[in-house]
Amino acid sequence: MVELGLKKKEIDALEFAFDVYDFQGNGTVDAFYTGDLMRACNLNPTLKTIHELGGTTEKGKKEITKAEAFPMYKACKDSKDVGGFHDFVEVLKLYDKNGDNTCQSNELFKLLTNFGEKLPKEEAKKLMAELCEPEDADGFMPFLPFLTRMCAAET
């Protein structure tokens, strides 16, 4: 795996994770667990990246070997696909208590300042002031306009 430019630590981590997901003990992992396998190695692939790597959405459709896992790991590690509009919508739907594409503005603020690449509080306040619709009397605001504006440069 040195030919892929992987460090010993990465190789060891992938081998360990592979062995954990080798539920049958036959030296293969169900391709359904490709994303979990990569995440166990501290990578954060999108569903699109997992699909491109050969991951499946159904169990039992395909098996991958350890030899196949290393190039998948390398491709996942090198991927610049870090998610986009639809991925962010899915995250914010977790906070959509009313099922109407709204979330509480304080929940969005917490997300921006505490998860992923954390924004400083002042920057998060400024971003929300520029991109968010006004909140209603109960503190809810539509999150789709915010995401549309935030991801405008994505396309």
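Trainee: How many residues of the lining of the second largest pocket are nonpolar, polar and charged?

Mentor: The lining divides into three nonpolar, five polar and two charged residues. Ala, Val, Leu, Ile, Met, Phe, Trp, Tyr, Cys and Pro count as nonpolar, Asp, Glu, Lys and Arg as charged, and the others, Gly among them, as polar. Phe32, Leu47 and Ile50 are therefore nonpolar, Asp36 and Arg39 charged, and Gly35, His51, Gly55, Thr56 and Thr57 polar.

Trainee: On what kind of model do these statements rest?

Mentor: This is a predicted model, in which local features need pLDDT of at least 70 and side-chain atom pairs count only at pLDDT 80 or more, while totals for chains, interfaces and linings use all residues. Residues are numbered from 1 along each chain as its sequence is written, and side-chain values use heavy atoms, with hydrogens and water left out.

Trainee: Which helices each supply at least two residues of that lining?

Mentor: They are α2 and α3. Helices (H or I, at least four residues) and strands (E, at least two) are DSSP runs numbered from the N terminus.

Trainee: How do you know that the structure holds zero disulfides?

Mentor: A disulfide is a pair of cysteine sulfur atoms within 2.5 Å, and the structure holds zero of them. For cysteine 41, the nearest cysteine sulfur, that of cysteine 76, is 9.1 Å away, so cysteine 41 is in no disulfide. The sulfur of cysteine 132 is 7.7 Å from the closest cysteine sulfur, in cysteine 103, which is too far for a bond.

Trainee: Why are cysteine 41 and cysteine 132 called buried?

Mentor: Buried means under 20% relative accessible area, exposed over 50%, and partly exposed in between (1.4 Å probe, protein chains only). Cysteine 41 has 7% relative accessibility and therefore counts as buried. Cysteine 132, with a relative accessible area of 15%, is buried as well.

Trainee: What makes alanine 75 partly exposed?

Mentor: Alanine 75 has a relative accessible area of 35%, so it is partly exposed. This residue is found in helix α4. From isoleucine 64, alanine 75 is 11 residues apart in sequence and 15 Å apart in space, C-alpha to C-alpha.

Trainee: How do you know that the reach of helix α4 is close to the expected span?

Mentor: The expected span is 1.5 Å times one less than the number of residues. Helix α4 (residues 66–78) has 13 residues, so 18 Å is expected, and the helix reaches 19 Å from its first C-alpha to its last.

Trainee: Which residues of α4 are buried, and what do they pack against?

Mentor: Ala69, Phe70, Met72, Tyr73 and Cys76 are the buried residues of α4. They pack against α1 (8–21), α2 (34–39), α3 (47–53) and β2 (63–65), where contact means heavy atoms within 4.5 Å.

Trainee: Why is helix α6 called mostly covered?

Mentor: Seven of the 10 residues of α6 (residues 105–114) are buried. They are Ser105, Glu107, Leu108, Phe109, Leu111, Leu112 and Thr113. Among the elements that cover them are α5 (85–93), β3 (102–104) and α7 (121–131).

Trainee: What is notable about phi of asparagine 42, and is this residue buried or exposed?

Mentor: Phi of asparagine 42 is near 65°, a positive value in a residue other than glycine. Asparagine 42 lies in the loop between α2 and α3, and its 75% relative accessibility is why it counts as exposed.

Trainee: Where does asparagine 101 lie, and what makes it partly exposed?

Mentor: Asparagine 101 lies in the loop between α5 and β3. Its relative accessibility is 29%, so it counts as partly exposed. Its phi is near 60°, also a positive value in a residue other than glycine.

How values were computed:
1 Å grid on protein atoms, 1.4 Å probe; cavity = no way out; pocket = protein on both sides within 12 Å on 5 of 7 lines; lining within 4 Å.
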